Amino acid sequence: MARRHSAGRTGGSPGTGPTARTVVAALALALTAGVSGSATARPDVPAEPSHPPVGAVARDALPASGPQAAPAPPAPPQDLTVRAVDSETVRLRWEPPYGAGGGSAVATYQVFQQGTATPVAEVGADTLEAEITGLEPGISYTFTVRAVNAAGHASPDSPRADVILPGRG
């Protein structure tokens, strides 16, 4: 028959027996795991999530909108058309981005001529056309338009529109 010992009967002073040492060791392990964020000694018990310090805000607790969240760029303008006005001028017209999935509100539209990195014209959000002058007669031109929001984020290019200017005559 096995003998049972109580903490007070091991011959040591009270609070120093095997049970007291086991409790102290378990508390030390729990405190160490809580401070360092490491897993507990028992793999079958999941570790509790660590918590940010008092006053800290978790990154995922920040609002999805506001000054720190840049608005998505608008969708591209649609139905771009271009026609020659004379041998050196074209007029472009387009429709605003379609539907509710159009991204953020448009602040301006930028017109690009094929081969240019900077816009050849820029108009306000309420203007859906632009006139480009000073072109070469008898030359073929390709244009695209981008919608730009207030934060400066531009949409992808609109579908292309091509025109051949008449020669001088």
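## A tour from the core outward

Start by selecting Val 90, Leu 92, Trp 94, Val 111, Ile 132 and Phe 143: these have the most contacts inside the largest nonpolar core, which has 19 residues. A nonpolar core here is a set of buried Ala, Val, Leu, Ile, Met, Phe, Trp, Tyr and Cys residues joined through side-chain atoms within 4.5 Å. Buried means under 20% relative accessible area, exposed means over 50%, and partly exposed lies in between (1.4 Å probe, protein chains only). In soluble globular proteins, nonpolar side chains tend to be buried together.

Before moving on, a word on what is on your screen. This is a predicted model, in which local features need pLDDT of at least 70 and side-chain atom pairs count only at pLDDT 80 or more, while totals for chains, interfaces and linings use all residues. Residues are numbered from 1 along each chain as its sequence is written, and side-chain values use heavy atoms, leaving out hydrogens and water.

**Stop 1: the whole chain.** Switch to a cartoon view and find one helix and seven strands. Helices (H or I, at least four residues) and strands (E, at least two) are DSSP runs, numbered from the N terminus. Following the sequence, you will pass through α-β-β-β-β-β-β-β. Of the 169 residues in the chain, 25% are buried.

**Stop 2: the strands behind the core.** Now color β1 (78-86), β2 (89-95), β3 (108-113), β4 (121-124), β5 (129-132), β6 (140-148) and β7 (161-164), since each supplies at least two residues of the core. Which strand gives the most to this core? That is β6, with four residues.

**Stop 3: Val 90.** Select Val 90 and show its neighbors. Leaving aside residues up to four places away in sequence, Val 90 touches Val 82, Arg 83, Ala 84, Val 85, Ala 130, Glu 131, Ile 132, Leu 135, Phe 143, Val 163 and Leu 165. Contact means heavy atoms within 4.5 Å.

**Stop 4: Val 85.** One of those neighbors is Val 85, which sits in strand β1. Is Val 85 buried or partly exposed? Val 85 counts as partly exposed because its relative accessibility is 40%. Not counting residues up to four places away in sequence, Val 85 touches Val 90, Arg 91 and Glu 131. Try the distance tool on the C-alpha atoms of Val 85 and Thr 133: they are 9.4 Å apart, with their positions 48 residues apart along the chain.

**Stop 5: Gly 134.** Finish in the loop between β5 and β6, where you will find Gly 134. Gly 134 has a relative accessible area of 61%, so it is exposed.
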